[in-house]
Every structure is written in structure tokens, then in C-alpha cells.
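Biologist: Please show me how to read helix packing and backbone angles in a model.

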Amino acid sequence: MSPRTTEQNEEIRQKSREKITAAALELFAENGYHATSIAKIASKAGVSKGLIYNYFDSKEDLLSALFEHIYDNLLEHMDPNNDKICTREEERAFIDYLFDHVKNNISEWRLFMQLAVQKGVMDLLMKLSEKKHYTDYISTFLGYFQRNSDDPMFDITLFMSIIKGFSLTYVFAPEIFPDAEVEKLKTYIKDTFFNKEKPQSNENNNQLDDNAGKLLI
């Protein structure tokens, strides 16, 4: 038998990592983060504890990887061309993507919601928001509100309250949100928060406080 190629080895590694993260997400959500051991995750995933530590330094590192997976995917769609400027068109497209992502991955989102509200997990999410990779995206997104809103802090708070409220309700009771109502909500959000584009200026009087970025987590 010929040795495996680099591509084959990478595919095996990726599948093993996905098995581990899927098992961890399910156990963290159902049994609690603190009550779930690496041994339980290994058993659920059908791998050895040693293999898990080959990919993740600790249980906290594994938890971070779960949230980074979903955040990376979403944040990259906030600024798809990575030019550090969120435009009206980009953010309206992002709203469509966000709603579709929740709808098409409802089981995963339900587990994430169950996990995110557990004691101590939110503290980890706040740590994640301080990583440069995330602060860059967050600053870019907040920049849209600073440029285009008369009261950016209020608008960001209202925007995230609507998004989080919808997501939390939808993943646990999707039947109360017919497709037509979801489309109405998407239109409302886009027309309320992303309906204008002011010229860019070096002067910006719409300052945000230090908690603005945390609202996006």
C-alpha cells in the first residue's frame, strides 16, 4: 500500500477535528461546559484523549475553537472584500446571509445558544472579542454606524437586540416565524439600519463607548 499523500493526511486531520468539535458542542450544550470532561468528549467522538490534545491545548481551547468557527464565518461576510470599510450594500447582503445561515444551520445554532448562556462561557466570549482578528472586524462594522447614524450607540444596541432576540426565538421555535414574516423582519432591519450611506469624513463626532464592541458578541 502506497503512503498517504499530504492532501489525504490533511483530510483525515480535518475529519478528526470536526468529529471532536461536533461531539464537544453537543456535550457542552446538553450537559454543561463544566460538567463535560475531555474523556467524555473523546468517547462521544470515538477518538482517544491524546488525539484531542493533539489538536487542542485544553478544554477551554476547544470551546474557543467552537465559537471561532461560527464567528469567523459570519464576520468575514461583514466585510467580504476586507477593505476595512462596511458599505450599505455589504451590510444589507450580510443581513440576508445571517438569516439564511441561522435557518440552514438551526440545530447547530440551537446548541450554540444553549452553550453561550452557561456560567463562565460568556467570559470566554469576551476574551475572544479582544483578539486582534476580531477587534479589526468589530471596529470595521462599528465604523458604519459611526459614519451613518446620528446616535450610533443606541442604534447598535437596538440592532443587536433585534438580531439576538430573533435568533434566540427562531432556533427554539421556528414555527412561529413563517418565511413571509422573516422576510418582513429582514426588510425592516435593512431599511432601518442600512438605508443610507453618508460620505466618508476624517472628522467623526459620533464616538462609541468601550462596551460597543461587546454588543456584537
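Modeller: The following turns treat a helix pair, the loop between the two helices, and one further helix. This is a predicted model, in which local features need pLDDT of at least 70, side-chain atom pairs count only at pLDDT 80 or more, and totals for chains, interfaces and linings use all residues. Residues are numbered from 1 along each chain as its sequence is written, and side-chain values use heavy atoms, without hydrogens and water.

Biologist: At what angle do helix H4 and helix H5 pack?

Modeller: Two packed helices are described by the angle between their axes and the distance between the axes. Here H4 (residues 59-76) and H5 (residues 88-104) pack at about 150 degrees, with axes 10 Å apart. This makes H4 roughly antiparallel to H5 (angles over 145 degrees). Ile70, Asn73 and Leu74 of H4 meet Phe94, Tyr97, Leu98 and His101 of H5, contact being heavy atoms within 4.5 Å.

Biologist: Which sign does phi of asparagine 82 have?

Modeller: Most residues other than glycine have a negative phi. Asparagine 82, in the loop between H4 and H5, has a positive phi near 55 degrees. In that loop lies lysine 84 too, with phi near 70 degrees, also positive. Asparagine 82 is partly exposed at 44% relative accessibility, as is lysine 84 at 46% (buried is under 20%, exposed over 50%, partly exposed in between, with a 1.4 Å probe and protein chains only).

Biologist: Which residues of H10 are buried?

Modeller: They are Val182, Leu185, Lys186, Ile189, Lys190 and Phe193. These residues cover an arc of only 130 degrees around the axis, so they lie on the same side of H10 (the arc is that of directions from the helix axis to the C-beta atoms).

Methods: Helices (H or I, at least four residues) and strands (E, at least two) are DSSP runs, numbered from the N terminus. Axes are lines fitted to C-alpha atoms, for helices over the stretch in contact, and angles run from 0 to 180 degrees between N-to-C directions. Angles under 35 degrees count as roughly parallel, over 145 as roughly antiparallel, 65 to 115 as roughly perpendicular and the rest as oblique.
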